[in-house]
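This report looks at the cysteines, the pockets and one charged residue of a protein model. Please keep the structure open beside the text while you read.

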Amino acid sequence: MLNQRYAAIDQGTTGTRVVVFGEDGKHFSPAAIAHKQLTPNPGWVEHDPMEILRNIRTCISQCGVVDAMGLAHQGESVVAWDAQSGLPLYNAIIWQDQRTESVLRRLRAEGVEETVRAKTGLPLDTYFSGSKLGWIMRNVPGADELSRRGQLRLGTMDSFFMFHLCGTHVTDYNSASRTSLFNIHTLQWDEELCRIFGVPITALPEIRDNIGHFGDVTCSGNTTPLTACIVDQFAGTYGHGCLQPGQMKITFGTGAFLQSITGTVVPDAQGSGLLPTLCWKLPGEPPLYGLDGGVYNAASAINWAKKIGLYSDIEEFSDFPDQPAIARGLAFIPALSGLGCPYWDRSAAGLWAGLSLETERKDMLQSILEGIAMRSAEVIYAMDKVRPIGDTISVDGGLSANLYFKQFLASLIQKRIVTPSNREITAQGVALLARKGLGNAHPMNVSTQHVTTEPAERDLSPYFAKYKDIISRSRNLRSE
């Protein structure tokens, strides 16, 4: 056991990588491969699932001999495929995709949103999987016929990958809970929800605990058990060590993804706009629940600023004036894809407020960082109100390296921000779960080194109130 190694497959929105961990906590990444982003229509985002499957196999082939594998994946992105050929009927439809907004407007008008929210914890939003799978059933040739013949397979991307890697049609409780088709109280696919979204329940995968034997993966002559599966954001939660009620993490990736742990009972979100969510379920134990909140645009807002020519080097997001841009009257609302939690409003659009002849490019860059922090703070305040969170919040992702951003956020929420020195925190979570799924219970020697950002005494709450007012002005600006 002392020499055992674990491969963490981290299949994300922009690429696939694998990280190999040893019992001593030391790790290395032998392979990382980007994949194409397909945008056939405005608001549509797709990936080629066969391209990504090839990338996963290539990454695995670079690992050498490992004792177990775990899979983290994109969560709400979906695939439909033929059980006989294994071939997808259509590209994977990605969590960012907004093609089903008109369908969701109709469902809201029909009054079903509260039914969906009560059973799943989720609002009617294009972010989640149910409406995407329904779109496939209505629009992709052959889907309905395959369903009638019992040959259709539907699921989030993990189930497609495991079908090919392990020969099984399975998913896990956490992944299922992100679909809008899974009842977080009964822990089963829900027939009423499947009817609402137009998804055949018989085509959905079997749901299993987040750890256990999902099947065996054969690559380069080696056969390895796959013993963990989980959505990438919740792998990060586990990797941060957020296991007890009140602990919280934020991943600043394409968006900002915030999760806090509440316990073994489904939390009452109290109309906050937060999402009661099933974080993971381990064998013989009740599920662990938490609160989830997403800000649609974080790194994507930074990348957009580069695309329009506001900066050319990421180092330009530094050396700002000590005074916040919002204190000088300049605010940016990063609603480039709409407003996520707690609004769940796709009608909102990105907005700068307070521009003047004195506004310079550097001011605009500063305001972008502050806008992402302010939107994150909205979610943090809501979480703290529903279930108090501790004095420390763990963060990872690209923006966690920006000193101004972390200091502004820490001072805004008056909590300590901790950034683990290990940047492979999602992969670490997957490796720890895969190891646990193999039956290893004693602690693995992972690094606990971190950088701490203490909140300044400056009171930023008046600016937060001003920002909330500006957010209200960003709503209903987007044409349908």
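In this predicted model, Cys63 counts as buried, because its relative accessibility is 3% and the cut-off for burial is under 20%. The closest cysteine sulfur to that of Cys63 belongs to Cys59 and lies 7.6 Å away, which is too far for a bond. A second cysteine, Cys242, also counts as buried, with a relative accessibility of 3%. For the sulfur of Cys242, the closest cysteine sulfur is in Cys279, at 9.6 Å, and this distance is again too far for a bond. A disulfide is a covalent bond between the sulfur atoms of two cysteines. When the whole structure is searched for such bonds, zero disulfides are found.

The empty spaces of the model come next. Rolling a probe the size of a water molecule over the atoms shows where empty space is left. The largest pocket has a volume of about 1000 Å³. It is lined by 43 residues, and those closest to its centre are Asp10, Thr251, Gly253, Gly397 and Thr426. Several elements give two or more residues to this lining, among them strand S2 (15-22), helix H9 (232-239), strand S15 (248-252) and helix H13 (425-437).

The second largest pocket has a volume of about 470 Å³. Among the 23 residues that line this pocket, Gly239, Gly241, Gln428, Leu432 and Val446 are the closest to its centre. The elements that give two or more residues to the lining of the second largest pocket are H9, S22 and H13, and H13 gives the most, with five residues.

The table sets out the linings by class.

| Pocket | Nonpolar | Polar | Charged |
|---|---|---|---|
| Largest pocket | 14 residues | 18 residues | 11 residues |
| Second largest pocket | 10 residues | 11 residues | two residues |

One more residue deserves a careful look. Is Glu424 buried or exposed? Glu424 is buried, because its relative accessible area is 16% and burial means a value under 20%. Along the chain, Glu424 is found in the loop between S22 and H13. If its neighbours within four places in sequence are left aside, Glu424 is in contact with Arg17, Val19, Phe21, His27 and Ser29.

Terms used
Residues numbered from 1 in each chain as written. Predicted model: local features only at pLDDT ≥ 70, side-chain atom pairs only at ≥ 80, totals over all residues. Heavy atoms only, no water. 1 Å grid on protein atoms, 1.4 Å probe; cavity = no way out; pocket = protein on both sides within 12 Å on 5 of 7 lines; lining within 4 Å. Points joined across faces, edges and corners; volume = space filled by probe spheres on them. Helix = DSSP H or I, 4+ residues; strand = E, 2+ residues; numbered from the N terminus. Nonpolar A, V, L, I, M, F, W, Y, C, P; charged D, E, K, R; others polar. Buried < 20%, exposed > 50% of the residue type's maximum accessible area, 1.4 Å probe, protein only. Contact = heavy atoms within 4.5 Å. Disulfide = S-S within 2.5 Å.
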